[in-house]
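Thanks for coming. I will take a few minutes to walk through one structure, and I will keep to what can be read from it.

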Amino acid sequence: MKPISILTVVAALAIGTVAFLGCNSDSTSRKQKSAAAAASAAQQVYVAPGKLDDYYAILSGGQSGSMFVYGIPSCRFIKEIAVFEPRAGQGYANNPGSESYKRLAASGPMWGDTHHPVLSQTDGKYDGKWLWINDKANDRIAKVDLRTFETAEIKTVPNIQGSHGLAAYLPSCKYVFVNGELETDHTSNTGDATKYRSVIAFLDAQTLETKFQVSFVGNADIASSGKDGRYVFSTMYNTENALSSEGMIERDRDAVGAIDVPLAEKAVAEGKFTKINGVPVIESEKVPGVLTLIPVPKNPHGCNVTPDGKYVLASGKLSPTVTIIDAHTLKVIAEPEVGLGPLHTTFDNRGNCYTSLFVDSQIVKWNLEKAIKGANDYIVDRVDVHYNVGHTKAAGADTSYPSGDWLISLNKLSKGMFLPVGPGMPESQELIDISGDKMRVIAAFPSLPEPHDAVFIHRKVLENVVVQTHHLEPTAVKLGEEKVVRNGSKVDVFMTCIRSKFVPEAFEVHEGDDVTIHLTNVETVRDMTHGVAIPRHGINIAVDPGQTTVVPFKALKQGTYWYYCTWFCSALHLEMRGRMIVKPTGEPLNENPNAVSKAEKVASAAGEKKGASYE
Ligand code: K7E
Ligand code: CUA
Ligand code: CA
């Protein structure tokens with residue numbers, strides 16, 4: 001007993017001390033405490049100039065049609081990956097006739113609504129190869145090459161509207177699959193609502209060709225893959241197949257749909273499908289077992305498979321619960337209450353789940369095993385976020401090996417968190433330290449509208465992946481082999497650039513000529529990007545080291561048009577320019593307009609001055 005009483009005395013003294021301090025300098029001590037907390041948070045996000053962040057966080061750009069790359073933990077913005085919208089600064093899809101422009105224009109509108117970035121995996125880990133993203137509005141999927149962080153492929157998905165949830169089929173990443181959220185009649189398109197269905201589309205992960213689809217009555221929202229190559233899962237909020245928002249919330253339970261992928265492949269092999277717009281479409285009613293509906297409450301949204309692949313979690317959205325489903329037996333095994341408006345769930349490496357609560361504006365941390373066992377203390381912690389969180393994602397949570405250090409809260413509203421810039425406000429992200437028992441909000445950073453989801457990839461995974469300079473393509477223009485090739489009104493200008501010169505520095509064409517510039521940046525030095533803007537012609541090219549860009553355009557009316565470098569590349573950057581001289585049709589062209597004439601040589605030898613004189 002004695003030691004206990006000693007402890008009690010000590011404890012009482014300690015409490016007394018706190019109480020004593022509290023009486024006299026309450027606000028001072030609180031101020032000191034919060035200053036200390038701010039200082040330690042600042043230390044956690046401080047990455048010294050020249051030092052690298054641990055993670056790339058890749059945020060979908062929503063209505064911006066792109067993706068944003070931030071460094072974590074510093075929250076520094078590093079790059080925008082242009083996907084569905086032109087970006088002049090990257091020379092992406094901004095020059096009609098360029099490859100990126102043609103590919104984007106051929107796939108649909110020059111804008112998009114990106115929601116779900118998905119990283120490729122091998123053996124349950126990110127392999128640093130590919131990054132996929134959906135365009136919900138225009139039913140497109142794109143693939144980004146992580147060697148360059150550039151868009152490598154864009155394809156349209158047939159028979160679908162509102163291509164929303166996107167995930168890779170695990171463990172192989174043979175397919176990416178995308179959910180049709182908006183119901184339509186894809187066979188006759190008559191507007192007959194009784195024929196409305198949706199599809200879940202399976203695309204070859206490399207070519208993005210749609211290989212097959214499973215169709216059903218209702219819709220599919222968010223997607224997640226089991227880890228063992230059998231089921232993939234989708235939340236379905238409109239099992240009512242209603243046409244109004246009131247109708248869509250009639251039922252108390254909607255569903256998680258589980259697609260048996262090997263069974264679907266077998267059905268395709270056996271011809272149990274209808275071909276619609278060239279794609280085999282399996283009607284789920286005709287192939288028993290291909291789609292199993294698991295009842296869950298109510299208008300569920302997020303769909304997340306646990307890192308061990310044992311469970312799939314459906315966030316209730318209109319129910320304060322998360323439904324835990326056995327990912328193999330497809331049985332509902334628990335339905336813990338977590339708070340109001342649960343949207344998405346993410347994971348650490350210690351058996352905890354983190355669910356975003358849109359209505360409560362909170363992240364709630366809860367323990368999976370405790371919730372399954374029905375223990376009272378399964379809620380571990382809650383933290384307020386600012387404001388109204390949509391997705392939340394912890395580092396590595398989509399893989400089998402989450403890292404359990406950082407979590408990002410992707411908040412829909414910022415309400416004055418940042419300098420006011422008019423009625424339109426940036427979106428707000430918060431970085432949360434989840435390494436301890438208590439979550440700690442460490443930093444907030446703005447972004448353009450509107451990141452829906454994010455993925456983290458550790459820089460070590462990409463260390464030997466990201467290229468510094470492009471490999472010269474066979475079509476590259478080599479130094480010393482620059483030339484102008486004419487074929488009637490078609491003119492190909494094979495041009496190189498290197499600090500601080502374009503070769504050729506001048507060329508002549510006729511009005512209305514179809515000019516194509518093939519420009520190779522022959523630099524071998526990292527970060528030495530050049531660009532070309534051509535006044536009046538709407539051309540703005542960016543070429544990274546080693547890259548070749550091909551841009552066709554029509555020559556306008558007679559005149560001199562100086563093309564100039566747009567990237568401040570050297571002390572002679574401003575001098576890095578050349579002339580396109582456009583002459584009237586029929587007038588003879590000079591093949592070497594910058595050649596110094598004999599008369600000029602003589603004059604300069606005689607010491608005559610060219611240009612302005614300041615004597
Ligand atoms: Cu919840 Cu498109 Cu992932 Cu938005 S979706 S939040
Ligand atoms: Cu090249 Cu500036
Ligand atoms: Ca519903």
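**A walk through the model**

I start with one residue, Leu330, which is buried, with a relative accessible area of 11%. Leu330 sits in the loop between strand 20 (322-326) and strand 21 (332-334). Its backbone is worth a look: phi is positive, about 65 degrees, although Leu330 is not a glycine.

Before going on, a word on confidence. What you see is a predicted model. The chain has a mean pLDDT of 93, and 93% of its residues reach 70 or more. Where is the exception? Over residues 1-24, pLDDT stays under 50, and the model has one contact there beyond four places in sequence. Where pLDDT is low, the predicted coordinates should not be read in detail. I will therefore leave that stretch, residues 1-24 with pLDDT under 50, out of the rest of this talk.

Now to the metal site. Which residues hold donors for the calcium ion, ligand 3? They are Tyr237 and Met248 through O, Glu240 and Asp254 through two entries each, OE and OD, and Asn299 through OD1. These donors lie 2.3 to 2.6 Å from the ion. Along the chain they follow the spacing Y-x2-E-x7-M-x5-D-x44-N. The pair Tyr237 and Asn299 links distant parts of the chain, 62 residues apart. Tyr237 is in the loop between strand 13 (231-236) and helix 3 (245-248), and Asn299 is in the loop between strand 17 (291-297) and strand 18 (303-305).

Are these two residues buried or exposed? Tyr237 counts as buried because its relative accessibility is 12%, and Asn299 counts as buried because its value is 4%. Asn299 also has a positive phi, about 50 degrees, although it is not a glycine.

Strands 13 and 17 bring us to a sheet. It is an open sheet of four strands, in the order 12-13-14-17, with antiparallel pairing. Strand 12 (223-225) and strand 17 are the edges, each pairing on one side only. On average, neighbouring strands here are turned by 25 degrees against each other, direction ignored. Between strand 12 and strand 13 there are three bridges, in the antiparallel sense, and Ser224 stands opposite Phe233 of strand 13. Helix 4 (residues 261-269) packs on this sheet and touches strand 13 and strand 14 (253-260); its direction makes about 60 degrees with that of strand 14.

Next, the nonpolar cores. The largest has 26 residues, and Phe502, Phe507, Ile517 and Met580 have the most contacts inside it. Several strands each supply at least two residues of this core, including strand 34 (506-510), strand 35 (514-521) and strand 40 (577-583). Strand 32 gives the largest share, four residues. Not counting residues up to four places away in sequence, Met580 touches, among others, Phe507, Val509, Ile534, Phe553 and Tyr561. Apart from this core lies another, of 25 residues, among them Cys353, Val364, Trp366 and Leu368.

Last, two cis peptide bonds. One runs from Ile72 to Pro73, with omega near 20 degrees; Pro73 is in the loop between strand 2 (66-72) and strand 3 (76-82). Another joins Val503 and Pro504, with omega about 0 degrees. Pro504 lies in the loop between strand 33 (501-503) and strand 34.

That is the end of the walk. Thank you.

Definitions and conventions. Residues numbered from 1 in each chain as written. Chains lettered and ligands numbered in written order. Predicted model: local features only at pLDDT ≥ 70, side-chain atom pairs only at ≥ 80, totals over all residues. Heavy atoms only, no water. pLDDT = per-residue confidence, 0-100. Contact = heavy atoms within 4.5 Å. Core = buried A, V, L, I, M, F, W, Y, C linked by side-chain atoms within 4.5 Å. Buried < 20%, exposed > 50% of the residue type's maximum accessible area, 1.4 Å probe, protein only. Donors = N, O, S within 2.8 Å, 3.2 Å for Na, K, Ca; no water. Pairing = 2+ DSSP bridges. Axes fitted to C-alpha atoms, helices over the stretch in contact; angles between N-to-C directions.
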